[in-house]
Amino acid sequence: MSIEILGISKNFGAFRALDDVTLRIGKGELLALLGPSGSGKTTLLRVLAGLEVPDVGTVQEDGHDLTSLGARDRNVGLVFQHFALFPHLDVFENIAFALRVRKRPDAEVRARVDELLHLVQLGGLAHRRPAELSGGQRQRVALARALAARPRVLLLDEPFSALDAKVRHELRAWLRQLHEELGTTTVFVTHDQDEAFELADRVAVFHRGRIEQVGTPDEIYDEPKSPFVLDFLGHVQWLEGLGLATLGVRHRDVVLHAAGHDGWPARIERIHRTGPRVRVDLQLHTGQPLIAALEPSAAREFAVGQEVRAVATRKYAFAT
Amino acid sequence: MVRIVLTFLAMAWLALMVLAPVAIVLVEALGAGLGAWWAAVSDEETRTSVALSLQIAALVVPLNAIFGVAAAWALARFRFPGRALLLALLDLPLSVSPVVAGLVFVLLFGAQGWFGVWLQEHDVQIIFAVPGIVLATAFVTLPMVARELLPLLESQGDDAELAALTLGASGWQVFWRVSFPRMRGALAYGVLLCLARALGEFGAVSVVSGHIRGQTDTLPLHVEILHNEYHFQAAFAAASLLLLVGVATLLLRRLHTPETGD
């Protein structure tokens with residue numbers, strides 16, 4: 001089921017939430033909409049779900065125009081950021097909801113819900129209320145509920161943001177695996193680039209209602225097409241006055257040498273361990289700060305106060 | 001020290017303003033024994049006034065419950081032109097004096113009122129009759145259900161309802177399967193408050209009723225009549241029935257535990 005989003009714009013009062021967005025989502029694809037808050041990614045997700053009607057543009061599915069079709073008739077599965085489970089229904093009835101409103105026979109409902117409970121590994125919890133579940137369990141109930149009516153597209157709004165770090169990582173891997181099993185076209189919104197890169201086949205980077213870049217995680221990481229994309233992926237230092245354009249240098253692309261080597265003269269201000277890498281804060285002789293993220297073994301040769309030469313193995317320059 | 005003083009002040013004030021009147025009602029009503037209380041309560045005119053009050057509540061409470069659910073739902077879930085006005089109007093019956101509310105209906109439907117002539121020509125009696133009492137009571141109790149539901153609906157948000165929609169539910173299915181079950185507790189309490197107020201309303205009803213004995217005397221009006229005629233024990237016995245309604249309302253509120261979102 002391929003989906004074409006063609007020239008969609010959406011305003012909320014004076015705020016332009018989506019500005020001429022065009023995007024193609026392939027059948028069976030796992031696509032991430034990545035961007036800071038207010039960049040339009042959630043609005044696009046709601047347009048796909050039929051909860052918002054765009055001011056301009058169309059949403060098409062295999063050539064059929066869906067733009068004016070309401071949320072009820074789209075048959076999309078939407079997982080809300082805070083799950084939006086029905087607190088007055090138990091896990092079983094939450095998952096069964098889409099089948100109940102379609103008046104499916106009891107036996108069919110039971111079989112489908114049992115199958116989904118098994119799929120999301122919540123077999124023993126069918127008769128718990130949402131309030132009695134952990135965050136990760138609620139997330140899985142929300143997912144099972146969204147999948148119950150075999151939606152054509154699965155949409156997830158910040159699916160892991162309400163969970164703590166450990167559960168988040170477990171569920172990411174699990175969701176990726178689930179997607180491979182089911183093959184349902186899936187779109188998820190996130191502001192976390194690690195999440196987008198780890199999970200998605202392709203990533204669309206949003207900025208101020210526009211898509212800055214669409215591509216595989218490799219393409220986006222290696223060939224960022226705008227300063228915003230490079231900056232948003234993080235761990236980057238912007239340097240001016242070293243050439244004609246402003247340069248973006250990733251911390252991990254900075255290599256240090258002893259004085260006398262080619263490179264930018266710099267002094268080491270601070271060295272400290274940050275997780276797997278060692279962060280070295282430098283002051284260039286031009287007065288600008290620079291950060292190098294070194295392998296611990298490489299960092300061992302240097303000390304605070306030392307004069308060094310910094311070389312950027314990779315620099316990004318953007319025409320302005 | 002401050003805590004003790006504040007607590008003592010609060011308790012003393014409460015005792016003086018609430019406990020003492022309640023105690024007086026009970027002492028006066030039951031002072032002459034249960035037999036005398038029962039005799040007063042089962043008196044023909046008292047029974048008629050109780051029946052009238054119940055009849056009026058039976059008409060008013062369902063109407064205001066339906067209105068309250070509709071208004072709270074619309075105000076909490078939708079942005080529409082006139083929403084701010086509806087919110088302001090909703091509070092009007094609570095802020096305006098009940099006597100003024102009663103007078104408004106007299107001005108509208110009374111013999112000298114705007115529609116008075118037309119109503120007389122068509123032989124419809126509203127003021128000094130049961131329809132007037134129903135209208136006045138409905139006006140005074142109008143916001144009680146809506147005001148109870150509105151904060152709940154706003155705090156719940158509309159995520160669950162939108163989720164139901166994306167799962168294929170129709171508007172009515174969303175309401176009956178998701179919205180209504182989640183508001184049941186607050187609705188029950190709103191209905192209870194509305195009922196207590198409908199049975200107890202005095203000011204507005206007093207203006208439109210005309211005090212026709214055995215016909216337009218509700219229970220609170222009957223209490224006043226008995227008192228004015230120096231039947232103190234009977235007046236307090238009738239008043240104790242209203243007190244009972246109030247206490248029952250509070251007890252039921254204690255039983256009902258509000259839903260705390262998800």
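**Loops, contacts and cores in a two-chain predicted model**

Biologist: In which loop is the place of Asn75(A)?
Modeller: Asn75(A) sits in a loop of chain A whose two flanking elements, like every helix (H or I, at least four residues) and strand (E, at least two), are DSSP runs numbered from the N terminus. Residues are numbered from 1 along each chain as its sequence is written, with chains lettered from A and ligands numbered from 1 in the order in which they are written. This is a predicted model, in which local features need pLDDT of at least 70 and side-chain atom pairs count only at pLDDT 80 or more, whereas totals for chains, interfaces and linings use all residues. The loop that holds Asn75(A) is the one between helix 2 and strand 6 of chain A.

Biologist: Is Asn75(A) buried, exposed or partly exposed?
Modeller: A residue is buried if 20 or more other C-beta atoms, placed from the backbone, lie within 10 Å of its own, exposed if 12 or fewer, and partly exposed in between. Because Asn75(A) has 17 other C-beta atoms within 10 Å, the class that applies is partly exposed.

Biologist: What is the phi of Asp62(A)?
Modeller: Asp62(A) lies in the loop between strand 4 (56-61) and strand 5 (64-65) of chain A, and with 11 other C-beta atoms within 10 Å this residue is exposed. Asp62(A) is not a glycine, yet its phi is positive, near 45°.

Biologist: How many residues of chain B are in contact with chain A?
Modeller: Two residues are in contact if their C-beta atoms, placed from the backbone, lie within 7 Å. The side of chain A that touches chain B divides into 16 nonpolar residues (Ala, Val, Leu, Ile, Met, Phe, Trp, Tyr, Cys and Pro), 3 charged (Asp, Glu, Lys and Arg) and 2 polar (the others, Gly among them). On that definition, 21 residues of chain A meet chain B residues numbering 18.

Biologist: Which helix of chain B helps to cover the buried residues of helix 3 of chain A?
Modeller: Helix 3 of chain A is mostly covered, with 7 of its 10 residues buried, including Ile95(A), Phe97(A) and Leu99(A). The cover includes helix 4 (106-119) and helix 5 (135-147) of chain A, together with, from chain B, helix 9 (159-166).

Biologist: Which residues have the most contacts inside the largest nonpolar core?
Modeller: A nonpolar core is a set of buried Ala, Val, Leu, Ile, Met, Phe, Trp, Tyr and Cys residues joined through C-beta atoms within 7 Å. The largest has 79 residues, and those with the most contacts inside it are Leu48(A) and Leu155(A).

Biologist: Which residues does Ala138(B) touch, not counting those up to four places away in sequence?
Modeller: Ala138(B) is found in helix 7 (residues 130-141) of chain B, and counts as buried because 21 C-beta neighbours lie inside 10 Å. With the sequence neighbours set aside, Ala138(B) touches Val60(B), Leu63(B) and Asn64(B).

Biologist: At what angle do the axes of helix 1 and helix 13 of chain B cross?
Modeller: Axes are lines fitted to C-alpha atoms, for helices over the stretch in contact, and angles run from 0 to 180 degrees between N-to-C directions. Angles under 35 degrees count as roughly parallel, over 145 as roughly antiparallel, 65 to 115 as roughly perpendicular and the rest as oblique, so helix 1 and helix 13 of chain B are oblique to each other. The axes of helix 1 (residues 2-30) and helix 13 (residues 232-255) of chain B come within 8 Å and cross at roughly 125°.
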